[in-house]
Amino acid sequence: MDLIKDIDIISAEEAQACDYKTTADENTGKSKKLYIESYGCQMNFSDSEIVASIMKENGYDTTSDFEQADVIFLNTCSIREKAELTVRKRLSQFQNAKRNKPELTIGVLGCMAERLKENLLSEEKIVDVVVGPDAYRDLPNLVAAAEEGEKGVNTFLSREETYADIAPVRLNSNGVTAFISIMRGCDNMCSFCVVPFTRGRERSRDPHSIVAEAKDLFEKGYREVTLLGQNVDSYKWSPEENNKARLNKKEEEVSEVVNFAHLLEMVAQVSPLLRVRFSTSHPKDITDEVLHTMKKYDNICKYIHLPVQSGNSRVLELMNRTYDREWYLDRVRAIRKILGEECGISSDMIAGFCTETEEEHQETLSLMDIVKYDFSYMFFYSERPGTLAAKKFEDDIPLETKKRRLAEIIAKQTELSYERNKMDLGQEQLILIEGTAKKSDQQLKGRNSANKVVIIPADLAKKGDYVKVKITDCSPATLFGEVLEVNPVLA
Ligand code: SAM
Ligand code: SF4
């Protein structure tokens, strides 16, 4: 198979593709219908669940058909240019719906709303409300005003808001796995990244509300929670202060500090039958304390998403990642020492950052060979207005070169994923069944602790079961297993 050739035919657009999710149909007898389309990261999908909850309280059921909706929200992403272009294209597709139903309210939420603010109203005439990620409590007011013909914008960024008291309405749920937001915002200033500007300062959510949400999910039959944040290892909460920068300044004065290792332990103790995952870990923040906590609890999954972005120390410095190649490799050695070879590690990679040379790109490939990632999300650099990189550096790598480097990274990752999957052959592993496999309803899909998809025959187990399997075959993306035992004792 000529991988490079195959991958080289990926268009620039496809390589930066944007997935979206929509709301499902829910009919609890409310008078109005809400349709949300969510783009971008898992945090955004999780925010849509908060938005649905707020709107539900105000008389809206969700729908999967935008033509049935009274309100359409696009919860948007700004991380790459392609993400914003996709949303603009989608807005133009809603023009007909608005023409047929002039009372329809259309709102742009999330990062693009925060970045463009009221400019969006003049640029995209069909938009009625523009609401940033910290202003969702104001949505019912803004929608009510829009129904009266007023356009509304709220892009206030809060220093404290965590929506801790709002019980999310689970959208697109398989009933087995769920996401719990544990913090908001980001205080890092990676030079390529728009997130600190669109999602504000870092705040941590009350751990007691996180544990209560995990317990509630467990009681409802869920068997896995993923704790979400831009930088979960930086989680830091005290009863007196939840804003990270302020808390760091007055740490002596507060009564108690809960860090990420403590939080992980609190959630792991909800039940040995509740799996715990987390994402994303920043290499500068992941501590041995977290790794030891992971080791201590069988139900904390042995998988770490540890984005490196580049394997070259000069590029990492330009990116303002605050670690270098050696620091990163030291963290990987700590993971291997404490959690062993079987711990899954994945990454994010950016190809063709400003001034990146061929040799520096080769260092990304060589680092991938050393770490042997199970999986990576791979992108080419997309300059974002207002970021440090946009202000300081020229976006000087030609698109063709970015694409070629990205193709080489993707080819390397495909090789490594296959290599890592082959290491699992013959192993006995515990998987949690999430539902029917995509390709056949004669098969079930589960995940092992390292977050790899494992396919088994459908006849012996069902969704929500833990199954002990023996891995019998694999492809670069998937493992195949034979059932040894269904719901073994896990206490
Ligand atoms: N907080 C996470 C971290 O630091 O690892 C990442 C959050 S960001 C939503 C997800 C990924 O998008 C980043 O890790 C990076 O690889 C990619 N990304 C961010 N800005 C980008 C840009 N301007 N161009 C290309 N990729 C970008
Ligand atoms: Fe963006 Fe860096 Fe924050 Fe991740 S850690 S969200 S890449 S600024």
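Visitor: What makes lysine 21 count as sitting over the face of phenylalanine 45?

Guide: First, a heads-up: this is a predicted model. Lysine 21 lies 4.5 Å from the ring centre of phenylalanine 45, and the rule asks for NZ within 6 Å of the centre and within 35 degrees of the ring normal. The distance fits, and lysine 21 is indeed listed as lying over the face.

Visitor: And which ring does arginine 80 lie over?

Guide: That's phenylalanine 379, with 3.7 Å to the ring centre. Arginine 80 also has a polar side-chain atom 3.2 Å from a nitrogen atom of ligand 1.

Visitor: How do you know that this last one is a polar contact?

Guide: A polar contact needs a pair of N or O atoms within 3.5 Å, so 3.2 Å passes. Ligand 1 has other partners too: a backbone N or O atom of glutamine 230 lies 2.7 Å from one of its nitrogen atoms, and a polar side-chain atom of glutamine 309 lies 2.7 Å from an oxygen atom of ligand 1. On its own, ligand 1 has 570 Å² of accessible area, and the protein covers 91% of that.

Visitor: How many residues surround ligand 1?

Guide: There are 15, and the closest are Gln230, Pro307, Gln309, Asp348 and Ser382. The shell divides into seven nonpolar, four polar and four charged residues. Strands β16 and β17 (375-380) each supply at least two of the shell residues.

Visitor: What makes up the shell around ligand 2?

Guide: Six nonpolar residues, three polar and one charged. Among them are Cys186, Cys190, Phe192 and Arg321. Gln230 is in that list as well, and Gln230 also belongs to the shell of ligand 1.

Visitor: Why is the pair of phenylalanine 353 and phenylalanine 393 called edge-to-face?

Guide: Their ring centres are 6.3 Å apart, which is within the 6.5 Å needed for a pair, and their planes stand at 80 degrees, over the 60 that edge-to-face asks for, so the name fits. The pair links distant parts of the chain, 40 residues apart: phenylalanine 353 is in the loop between β16 (344-351) and α16 (358-371), and phenylalanine 393 is in the loop between α17 (388-392) and α18 (399-423). Both residues are buried. They also belong to one aromatic cluster with Phe192 and Tyr381.

Visitor: Is serine 346 buried or exposed?

Guide: Its relative accessibility is 0%, and buried means under 20%, so serine 346 is buried. Serine 346 lies in strand β16, and its side chain makes a polar contact with the side chain of tyrosine 303 at 2.6 Å.

Visitor: What about glycine 200: why does it count as buried?

Guide: Its value is 6%, again under 20%, so glycine 200 counts as buried. You'll find glycine 200 in the loop between α9 (195-199) and β10 (203-204).

Visitor: Why does threonine 322 count as exposed, then?

Guide: Threonine 322 has 54% relative accessibility, and exposed means over 50%, so it qualifies. Threonine 322 also has a positive phi of about 70 degrees, although it is not a glycine.

Visitor: And why is lysine 372 called partly exposed?

Guide: Its 29% falls between the 20% and 50% cut-offs, so partly exposed is the right label. Lysine 372 is in the loop between α16 and β17, and its phi is positive too, near 55 degrees.

Note on methods:
Residues numbered from 1 in each chain as written. Chains lettered and ligands numbered in written order. Heavy atoms only, no water. Phe/Tyr/Trp six-rings, centres within 6.5 Å; stacked < 30°, edge-to-face > 60°. Helix = DSSP H or I, 4+ residues; strand = E, 2+ residues; numbered from the N terminus. Buried < 20%, exposed > 50% of the residue type's maximum accessible area, 1.4 Å probe, protein only. Near = heavy atom within 4 Å. Nonpolar A, V, L, I, M, F, W, Y, C, P; charged D, E, K, R; others polar. Polar contact = N/O pair within 3.5 Å; in protein donor to acceptor, adjacent residues only side chain to side chain. Areas by Shrake-Rupley, 256 points an atom, 1.4 Å probe, with all protein chains shown as cover.
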